[in-house]
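Colleague: Could you take me through the salt bridges in this model? I'd like a close look at who pairs with whom, and where the partners sit.

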Amino acid sequence: SQDEGEKLTWNDRMPGYAANFGLILFMIMLTFSAVFGVIVYRITTAAALSFSTNETTRSNVRVTVTATAVIINLVVILILDEIYGAVAKWLTEIEVPKTEKTFEERLILKAFLLKFVNSYAPIFYVAFFKGRFVGRPGHYVYVFDGYRMEECAPGGCLMELCIQLSIIMLGKQLIQNNLFEIGIPKLKKLFRKLKDERTEPKEMDTNQSKDPQQWDLDYALEPFTGLTPEYMEMIIQFGFVTLFVASFPLAPVFALLNNIIEVRLDAKKFVTELRRPDTVRAKDIGIWYNILSGIGKLSVIINAFVIAVTSDFIPRLMYQYAYSQNGTMHGFINHTLSYFNVSHLKAGTQPENSPFAQDVLFCRFKDYREPPWSQNQYEFSKQYWAVLSARLAFVILFQNLVMFLSVLVDWMIPDIPKDISEQIKKEKSVLIDFFLKEEHEKLKLIESFIASDKQKHKSGTKGKRIRAASFCQFNRSQKGSVASFSSQHTDV
């Protein structure tokens with residue numbers, strides 16, 4: 001038939017799926033490239049500032065590099081977010097989904113995947129990768145044949161993670177969620193107004209009133225594009241609040257303040273800047289619930305790794321209960337430092353000017369490695385493997401404990417409050433009684449109709465019998481008269 005001929009087959013959809021996979025992979029690699037570019041900027045800038053003649057510049061190298069790199073990350077995230085939103089819509093259109101619901105779900109998944117990677121990739125790098133692949137003295141890892149991989153601060157990467165998360169989260173909320181939401185509709189409205197004035201010449205109408213009509217004012221507003229951007233803002237904010245809350249405990253407070261402002265800005269935008277949206281009935285929030293549930297489960301694992309790997313929580317506990325002489329933290333810093341023989345430095349990597357008056361034979365660096373006088377020099381020590389085992393055990397214990405508590409709380413606290421559930425039961429019982437009463441009245445009405453039909457049927461059959469009896473009597477009388485007439489004729 002004609003419908004079967006116009007139906008899209010798997011071969012028709014295959015180019016769209018291939019383009020989707022390739023472009024999404026390219027966009028993710030673009031995000032990683034931007035993160036790597038910022039890493040190269042940090043390494044080269046730190047190296048350049050270290051050679052500065054200004055003492056103040058050399059002492060503030062780490063602060064300067066961290067602040068500028070985070071600002072660059074924020075600008076890149078804001079630019080790529082806008083690009084990824086348009087690309088996700090175009091990729092969904094070339095797939096040609098069957099229904100509008102399918103189109104919306106695929107669009108949301110693509111946009112969320114791209115924006116998730118774009119927003120959290122710099123934070124993931126600082127939390128789990130920075131300072132992990134730097135090597136050791138005498139065997140450092142270099143990039144571009146001369147620049148050492150960047151290391152964490154002496155106190156660890158947790159503070160830098162807090163700074164990175166706070167600047168990106170607050171900047172994204174302030175610029176993208178607040179300024180863009182008011183500024184972009186106003187700019188679009190102005191652009192449409194200028195475009196209409198150019199394309200449509202003004203008609204001189206003397207009867208036209210000076211005050212514009214309300215429909216004219218409503219037409220000048222920006223068309224409503226859907227709730228997907230509003231949901232996406234809240235989902236990304238929910239990720240900032242939950243995924244790394246262990247490193248930035250004030251994130252929920254800033255999110256609450258932002259949402260209080262967001263409510264009023266959205267009210268102003270929906271009333272004064274956008275056209276009235278079309279009402280569409282929805283059973284629930286759709287695929288957003290699955291995304292929220294996934295972020296909630298992922299946040300448990302990530303926070304467990306932040307506490308166990310990024311912070312010094314596990315090494316401190318291990319030292320206090322396993323290695324400390326008196327059960328205190330005295331001597332913890334010395335315990336985390338390893339020895340290195342200065343003579344083992346490669347040629348050309350030694351410090352040019354030593355700040356010490358006497359020659360230094362050994363230096364200390366933060367790691368769990370065997371000393372140079374050991375048989376397995378500079379290999380990972382037993383303390384390293386003990387701390388690593390404790391970190392992995394903490395991750396497993398923390399994850400299972402939180403999951404168990406979440407299931408327990410979900411079981412103890414019902415989704416519907418008790419008073420509302422009782423009210424729903426009462427409404428159902430009232431509806432059932434009402435329907436039973438209606439059915440009972442219908443049954444009575446049917447029975448009365450049946451009884452009246454039976455009565456009519458009985459009266460109808462009785463009348464037929466009377467008419468039949470009278471007809472028979474009439475026939476008999478007619479037969480008698482004919483017989484008498486014939487007998488009379490015979491006699492004559």
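Modeller: Happy to! Asp81 is a good place to begin, as this residue is buried at 2% relative accessibility (buried means under 20% relative accessible area, exposed over 50%, partly exposed in between, with a 1.4 Å probe and protein chains only). Please keep in mind that this is a predicted model, where local features need pLDDT of at least 70 and side-chain atom pairs count only at pLDDT 80 or more, while totals for chains, interfaces and linings use all residues. Residues are numbered from 1 along each chain as its sequence is written, and side-chain values use heavy atoms, leaving out hydrogens and water.

Asp81 pairs with Lys172 in a salt bridge, their closest N and O atoms 2.6 Å apart (a salt bridge is a side-chain nitrogen of Lys or Arg within 4 Å of a carboxyl oxygen of Asp or Glu). Asp81 belongs to helix H4 (residues 61-95) and Lys172 to helix H6 (residues 158-199), so the pair ties together parts 91 residues apart in sequence. Helices here are DSSP runs of H or I with at least four residues, numbered from the N terminus, and strands are runs of E with at least two. Lys172 is buried too, at 6%.

Next, Arg106 and Glu95 meet at 2.9 Å, N to O. Arg106 sits in helix H5 (residues 100-129) and Glu95 in helix H4, so this bridge links parts 11 residues apart in sequence. Arg106 is partly exposed at 26%, whereas Glu95 is buried at 8%.

Lys269 and Asp266 form a salt bridge at 3.8 Å; both lie in helix H9 (residues 251-273), about one turn apart. Arg42, Lys130, Glu150 and Glu160 are joined into one network by salt bridges that share partners. The count comes to 11 salt bridges.
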